[in-house]
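Biologist: I would like a close look at a single part of this model, the chain with the packed helices. Please set it in the context of its partner as well.

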Amino acid sequence: MHRTLLTAAGLMIAGAAASETPVLTVYAPDYFGSEWGPGPSIEAAFEERCGCDLQYQTGDLLPRLLLEGKNTEADVAIGFNTDVTKRARESGLFAPLNLDLAPLTLPLEWSDDTFLPFNYSHTAFIYDNTKLEGFRSFEELLNAPDDVRVVIQDPRSSISGLALVLWVNAVYGDKAEAAWARLAPKIVTVTQGWSESYGLFTDGEADVVLSYTTSPAYHIIAEEDLTKSAAIFEEGHYFMVELAAKLAGTDSPDLADQFLEFILTEEFQTMIPTTNWSFPAALAADKWPEGFQQLPMPESVLFYSEDQAAELREPAIEAWRSALSQ
Amino acid sequence: MAQRAFAIIAALTVAGAVIVPVAAVLWRGGGATALSAADWAALRFTVWQAFWSAAISVALAVPVARALARRAFWGRSALISVMGAPFILPVIVAILGLLAVFGGNGAVNLVLGGLGLPKMDVYGAHGVILAHVFFNLPLAVRLILQGWLSIPSERFQLAASLGAPLFLLLEWPMLKRTAPGAFAVIFVICLGSFAVALTLGGGPRATTVELAIYQAFKFDFDLGKAASLAVVQLLLGGVAGLAALALARGEMLGAGLDRVVQRWDGSRLVDGVWITLAAAFLLLPLGAVLLAGLPGLLDLPASIWPAMLRSLIISLAAVVLTIALALPLATRAGEAASLLGISVSGLVLGTGLFLLLQPVVRPQDAALPVTLLVNVLMSLPFVLRILRPGVESAEADFGRLGQSLGLQGWALWRIVYLPRLRRPLGFAAGLTGALAMGDLGVITLFSRPGEGTLPLLMYQLMGAYQMEAAYGAALILVGLSLGLFWMFDKGGRVHAEV
């Protein structure tokens with residue numbers, strides 16, 4: 001009995017001490033907070049700076065925020081993709097940034113007043129360079145023999161699949177459906193998400209997989225495997241950027257600002273490449289890990305603003321659907 | 001009388017636990033939305049593939065179950081346990097296993113190529129049905145096998161000694177009782193298919209209702225549409241359930257001495273072929289999963305241990321809760337209500353629970369109870385399908401005897417019914433445990449980092465390019481699920497000769 005009381009008292013004291021440490025609640029996608037994602041090292045580094053307790057809540061980022069609305073506990077949300085930011089912006093849940101965006105090193109001009117980029121990559125088709133010669137353009141891929149087996153993601157359930165239909169739209173415009181019809185015989189199948197596609201590729205069920213220009217870096221750095229390459233197309237590659245934002249209703253606005261500033265620091269940015277397997281958004285290329293420096297970069301970058309993306313989404317998906325349903 | 005009231009309350013509770021969350025999503029989404037042409041196309045494909053998947057699973061299960069019922073051979077019991085594994089495999093792992101056998105560079109195509117024959121292409125509507133039969137044939141076999149084993153062996157002896165037609169007299173009535181229920185439960189599971197249908201269907205032709213729900217929720221945040229589609233799923237599941245219950249009426253065979261069947265009819269050769277074919281179909285992809293997983297075992301992170309522990313705890317808790325709920329629910333109404341649980345999208349169910357709970361508790365604190373609740377709802381239809389025939393025949397055969405001895409309530413259950421139900425109870429508990437183990441669940445809205453279950457860990461590894469380690473985690477998941485299944489199933493068969 002005595003012991004229980006003592007423990008209870010101990011817990012109360014510990015609880016009181018904990019409540020004095022301010023908490024910063026960060027909503028993030030599941031991969032971000034997992035032990036292989038960037039979350040844990042970012043948490044440790046930021047806690048050292050802020051003297052606070054950073055807590056992640058992981059899962060479906062935007063749906064959860066929209067469900068919670070103004071009642072959300074989130075102070076910061078990290079891991080949005082541009083192709084869905086319109087919906088996020090219109091919710092009115094986010095506060096404007098007050099940050100100097102000069103440190104950004106993105107391959108295009110960036111001036112968003114709400115969403116802050118923290119890493120980027122481009123859509124790309126990955127292949128095994130010991131088995132295929134690769135493709136120098138989208139046209140070459142479309143002209144490849146039909147026994148080249150390609151696996152892609154569904155634009156209705158996957159963000160990279162959506163980026164692909166926007167990419168095809170950017171390259172082929174109103175001839176997108178015809179382009180899809182030429183690609184269709186080579187598409188073995190379409191998967192719900194990226195993981196399933198990539199698994200099919202590494203298992204040898206497909207020769208070419210829709211992924212990112214940065215994917216080979218994983219094989220180079222983590223596996224010392226140089227056989228995976230991204231086909232760099234002369235038409236350009238679709239740009240995919242991930243973003244963070246501050247919640248307007250945050251109860252610790254200063255900590256939230258401090259976290260967003262932290263995103264642009266070298267300390268944060270150097271953690272990105274080998275945890276998120278993408279390019280850091282604010283770090284000069286000579287500071288990237290070697291495996292990233294040797295990646296071939298697309299010469300031009302294709303990108304739709306969130307308004308354009310929202311407008312094009314439905315027709316672009318429809319072109320894909322009708323060509324692949326033949 | 002009191003027992004009947006109890007059963008009605010249990011059925012209403014289960015139906016409510018499904019309908020209220022869907023209603024919450026519908027309400028939040030601002031009411032129902034009309035379905036688009038694409039939605040109707042998805043609905044047609046969904047119903048079509050679910051019908052054929054269920055019909056073929058049940059049709060194939062009949063000869064396999066009969067062969068298993070009347071043949072004794074070394075390893076039979078282990079084979080029956082392991083053949084159940086596909087049903088509890090995580091979807092993504094099962095797909096990779098199937099493709100290792102039926103895919104472009106799979107075993108079948110290697111053999112075909114070696115013989116100079118044209119390659120088979122697994123992707124398409126036939127691939128969807130193939131995968132669904134792979135998943136559900138084990139369940140159908142077990143449900144029908146259970147029907148065979150429930151025919152008192154005295155009946156077979158009597159019929160055989162009189163030279164009476166066994167099939168018409170004994171087996172056909174049993175099949176009429178068991179097959180519609182097996183069909184309904186598999187039909188309803190296949191209604192919810194999404195990743196399997198998409199991947200093996202080869203593209204947008206194989207679009208299902210569940211994909212439309214996923215899209216409405218994740219991209220469009222159109223809760224009204226997600227909920228409207230969930231209501232359609234509920235209606236389909238409800239209709240399937242009621243139809244099966246109406247069809248599954250049949251005469252009970254009356255009591256025997258309650259012993260295991262001994263048979264000497266039928267062709268050994270034909271039975272042997274059926275058992276071999278079914279075993280090969282189910283076990284080859286499993287073998288591929290095993291081979292793919294072995295090298296990854298060495299790469300597994302230390303966090304696999306706590307994840308295993310959490311998965312085990314959820315599983316065991318789900319077993320206890322499900323069985324406790326299932327016993328009062330083992331009536332026609334109870335089974336019909338329970339089918340609602342698997343017919344509705346887990347995503348909508350999870351969102352509804354989130355909406356209902358969020359004003360009261362922090363979602364992350366409710367993660368465990370919610371996961372548990374959803375697992376119980378998802379397991380109940382299978383558990384009831386397994387238990388109900390046993391409960392009803394125990395009541396019919398031994399109820400009067402028990403009452404004449406003055407046994408009532410719990411004592412009646414403990415002394416008379418539960419010992420009769422050992423075998424189905426063991427099977428039901430094993431299945432629940434295994435299903436809960438493999439369930440990624442609806443918890444993505446509720447989860448918090450570092451507290452994931454085994455399936456979640458597997459998906460995180462895949463998302464981080466670590467495919468080998470992910471397959472290793474999958475192997476552990478399958479091993480644990482099967483171990484749990486085997487333990488309960490075996491426990492139910494202690495002292496039984498089968």
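Modeller: What follows goes through chain B, its helix pairs and one of its loops, and then turns to chain A and the contact. The model is predicted, and every value below is computed from it.

Chain B has 21 helices and zero strands. Its C-alpha trace spans about 65 × 65 × 50 Å along the principal axes. A compact globule of 498 residues would have a radius of gyration near 23 Å, and chain B has 23 Å, so the two agree. Of those 498 residues, 53% count as buried. Among contacts in chain B between residues at least 6 apart in sequence, 87% join residues at least 24 apart.

Two helix pairs show how chain B is packed. Two packed helices are described by the angle between their axes and the distance between the axes.

The pair to begin with is helix H9 (residues 166-191) and helix H12 (residues 223-247) of chain B, whose axes are 8 Å apart at an angle of about 170 degrees. Angles over 145 degrees count as roughly antiparallel, and therefore H9(B) is roughly antiparallel to H12(B). From H9(B), the contact uses Pro180(B), Gly181(B), Phe183(B), Ala184(B), Phe187(B), Val188(B) and Leu191(B). H12(B) answers with Gln233(B), Leu236(B), Gly237(B), Ala240(B), Gly241(B), Ala243(B), Ala244(B) and Leu247(B). Sorted by class, this contact holds 11 nonpolar, four polar and no charged residues. The glycines are counted here as polar.

The other pair is helix H7 (residues 125-150) and helix H13 (residues 268-296) of chain B, with axes that come within 10 Å and cross at roughly 120 degrees. That angle makes H7(B) oblique to H13(B), and the crossing is left-handed. H7(B) brings Phe134(B), Leu137(B) and Pro138(B) to the contact, while H13(B) brings Ala278(B), Phe281(B), Leu282(B) and Pro285(B). The contact of H7(B) with H13(B) has seven nonpolar residues, with no polar and no charged ones.

One loop residue of chain B also deserves a note. Phe221(B) has a positive phi of about 45 degrees although it is not a glycine. It is found in the loop between helix H11 (209-218) and H12 of chain B. With 19 other C-beta atoms within 10 Å, Phe221(B) is partly exposed, because a residue needs 20 or more to count as buried.

Chain A offers a counterpart. Trp277(A) is not a glycine either, yet has a positive phi of about 50 degrees. Its place is the loop between helix H13 (273-276) and strand E11 (279-280) of chain A. Trp277(A) is buried, with 26 other C-beta atoms within 10 Å.

As a whole, chain A has 15 helices and 12 strands. Its C-alpha trace spans about 75 × 45 × 45 Å along the principal axes. The radius of gyration of chain A is 22 Å, which agrees with the value near 20 Å for a compact globule of 326 residues. Of the 326 residues, 52% count as buried.

Finally, the two chains meet in a contact that takes 42 residues from chain A and 43 residues from chain B. On the side of chain A that touches chain B, the elements that each supply at least two residues include helix H4 (61-68), strand E7 (187-191) and helix H15 (306-324). The residues of that side divide into 13 nonpolar, 16 polar and 13 charged.

Definitions and conventions:
Residues are numbered from 1 along each chain as its sequence is written. Chains are lettered from A and ligands numbered from 1 in the order in which they are written. This is a predicted model: local features need pLDDT of at least 70, side-chain atom pairs count only at pLDDT 80 or more; totals for chains, interfaces and linings use all residues. Two residues are in contact if their C-beta atoms, placed from the backbone, lie within 7 Å. Helices (H or I, at least four residues) and strands (E, at least two) are DSSP runs, numbered from the N terminus. The radius of gyration is taken over C-alpha atoms; the globule rule is 2.2 Å times the number of residues to the power 0.38. A residue is buried if 20 or more other C-beta atoms lie within 10 Å of its own, exposed if 12 or fewer, and partly exposed in between; C-beta atoms are placed from the backbone. Axes are lines fitted to C-alpha atoms, for helices over the stretch in contact, and angles run from 0 to 180 degrees between N-to-C directions. Angles under 35 degrees count as roughly parallel, over 145 as roughly antiparallel, 65 to 115 as roughly perpendicular and the rest as oblique. A crossing is left-handed if the near helix is turned anticlockwise from the far one by less than a right angle, and right-handed if clockwise.
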